[in-house]
Every structure is written in structure tokens, then in C-alpha cells.
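Subject: Structure handover

Hello,

Here is the structure we talked about. Please open it next to this message; my notes follow below.

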Amino acid sequence: GTPVKAVRLARTPEGKPYSVVHFDRFRNFNFSTAASGNLAVLASEPYHIVGVDVRHVTLHPPAPLTAQNLETFFSNMRWVLTPREWAVVRQPDLLHDRLRCFYTHWTLKEAYYKATGLVAGTSPQALECTFDAVRHEARTATLQLEGTPLALWH
């Protein structure tokens, strides 16, 4: 193994953290972390880039989940999703399902940006998510960056 004192981290110009020390067996070691409330996730991959995100399904700032509060939250976050994504988010009848749908889109985008480091100067609307099920029960997604499908993204 590698002693903890030997592990050094740095950031790419785009802000993605990486290990400065190259491990003999894993030359492209990647990792990603995320936290929200009492949830935390860490993913690592020795050969491919990786990005993760996690979010509690709650309004920010915290407020009761009412139609008015949800619309205020969505209005404040309007810059995050594309018009097509907003149409999908607004489909469910239940307010909690709408909020969950919003966070499904948001966390997928965040995970992609964390994996690639494309955060600074990139609009979240440049990346569009489509899902194979309206209710998001099946979590297979397709991503497009500025209209170009990202075929190798899983």
C-alpha cells in the first residue's frame, strides 16, 4: 500500500481533484466525493474518470413543501435546467415527486461536471439529461453536451 503521508492531492485548472502520486498499478486513479446533510458518497475508479453527487430531497433554504415554496425554489434554480428538462420536472402530480425529479437532473449534471472538471465557465444548461422513464424509476440516462450525445458516459 501507499502510506497516507505519501498521498498528495492537487486540482486540475478546471478544479477537479486528483492524486499527484501515481500508483504503479493504477496510473489513471480517479475519485469523487459528495455530501448532503447526513448523506455522503465516495467513488473511486482505477482506469476511468468518475464523478458522483448526492442530495437530500428538500427545499433550499429549508421551508415547508408547498406549491408556492416549490415554485420559488424552481424560480431561483431556473438557470440549472434546460426548457425540456423543466418540462419533465413539472410532469409529476405530487410536489415531492417534482422536487425529486429536479434533483435527479441536478445530481446527474453535478456528477458529470465533477468527473470531467468542466465547471468553471460552463453553463449547466449546456448539459441536457433525458431518462428512459418519465417517473425516473429506471435510472438509465442519456446526456448531451451542447447538443452532442455523450455516448461513453454511464
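L145 has its bridge partner in β7: T148. The model is predicted, so please read everything here in that light. L145 belongs to the pairing of β6 (residues 141–145) with β7, which is antiparallel and runs over two bridges. Both strands sit in an open sheet of three strands. The order is β5-β6-β7, and the pairing is antiparallel. The edges are β5 (127–131) and β7 (148–149). Each has a single partner strand, so one side of each has no neighbour in the sheet.

Helix α3 lies across this sheet. It covers β5 and β6, and it runs at about 130° to β5.

Next, the aromatics. How many aromatic pairs does a search of the whole structure find? The count is nine. One of them joins F73 and F102. The geometry is edge-to-face, with 5.4 Å centre to centre and 80° between the planes. F73 is in helix α1 (residues 67–76) and F102 is in helix α3 (residues 95–116), so this pair ties together parts that are 29 residues apart in sequence. Are the two rings' residues buried or exposed? F73 counts as buried because its relative accessibility is 5%. F102 is at 0%, so F102 counts as buried as well.

A second pair is W79 with W106. This pair is also edge-to-face, at 6.1 Å centre to centre and 80° between the planes. W79 is in the loop between α1 and α2 (83–89), while W106 is in helix α3. The two are 27 residues apart, so to speak of distant parts of the chain being linked is fair here too. W79 counts as partly exposed, at 45% relative accessibility. W106, at 12%, counts as buried.

Ring pairs also build a cluster. Its members are F73, F74, W86, F102 and Y103.

Now the nonpolar cores. The largest has 14 residues. Within it, F73, F74, V89, L99 and F102 touch the most other members. Which elements give two or more residues to this core? They are α1, α2 and α3. The largest share, five residues, comes from α3. F102 shows the packing in detail. Leaving aside residues up to four places away in sequence, F102 touches F73, F74, M77, V80, L81, W86 and V89. Another core lies apart from this one. That core has 11 residues, and among them are Y112, Y113, F131 and L143.

Please look at K109 as well. K109 is in helix α3. Is K109 buried or exposed? The relative accessibility is 1%, so this lysine counts as buried. Its side chain makes a polar contact of 2.9 Å with the side chain of E85. Beyond residues up to four places away in sequence, K109 touches V80, L81, T82, E85, P124, Q125, L127 and C129. V80 and L81 are thus contacts of K109 and of F102.

S32 is another buried polar residue to check. S32 is found in strand β3 (residues 30–36). At 5% relative accessibility, S32 falls under the 20% limit and so counts as buried. What lies 3.0 Å from a polar atom of the S32 side chain? The backbone nitrogen of V52 does. V52 is also on the contact list of S32, along with V41, L42, A43, V50, G51 and K114. That list does not count residues up to four places away in sequence.

Last, R8. R8 lies in the segment before β1 (9–11). R8 is at 49% relative accessibility and therefore counts as partly exposed; exposed would need over 50%. Its C-alpha atom is separated by 5.8 Å from that of S19, with the two positions 11 residues apart along the chain as the separation. R8 touches Y18, S19, V20 and V21, again not counting residues up to four places away in sequence.

Best wishes

Notes: Residues numbered from 1 in each chain as written. Predicted model: local features only at pLDDT ≥ 70, side-chain atom pairs only at ≥ 80, totals over all residues. Heavy atoms only, no water. Helix = DSSP H or I, 4+ residues; strand = E, 2+ residues; numbered from the N terminus. Buried < 20%, exposed > 50% of the residue type's maximum accessible area, 1.4 Å probe, protein only. Polar contact = N/O pair within 3.5 Å; in protein donor to acceptor, adjacent residues only side chain to side chain. Contact = heavy atoms within 4.5 Å. Phe/Tyr/Trp six-rings, centres within 6.5 Å; stacked < 30°, edge-to-face > 60°. Pairing = 2+ DSSP bridges. Axes fitted to C-alpha atoms, helices over the stretch in contact; angles between N-to-C directions. Core = buried A, V, L, I, M, F, W, Y, C linked by side-chain atoms within 4.5 Å.
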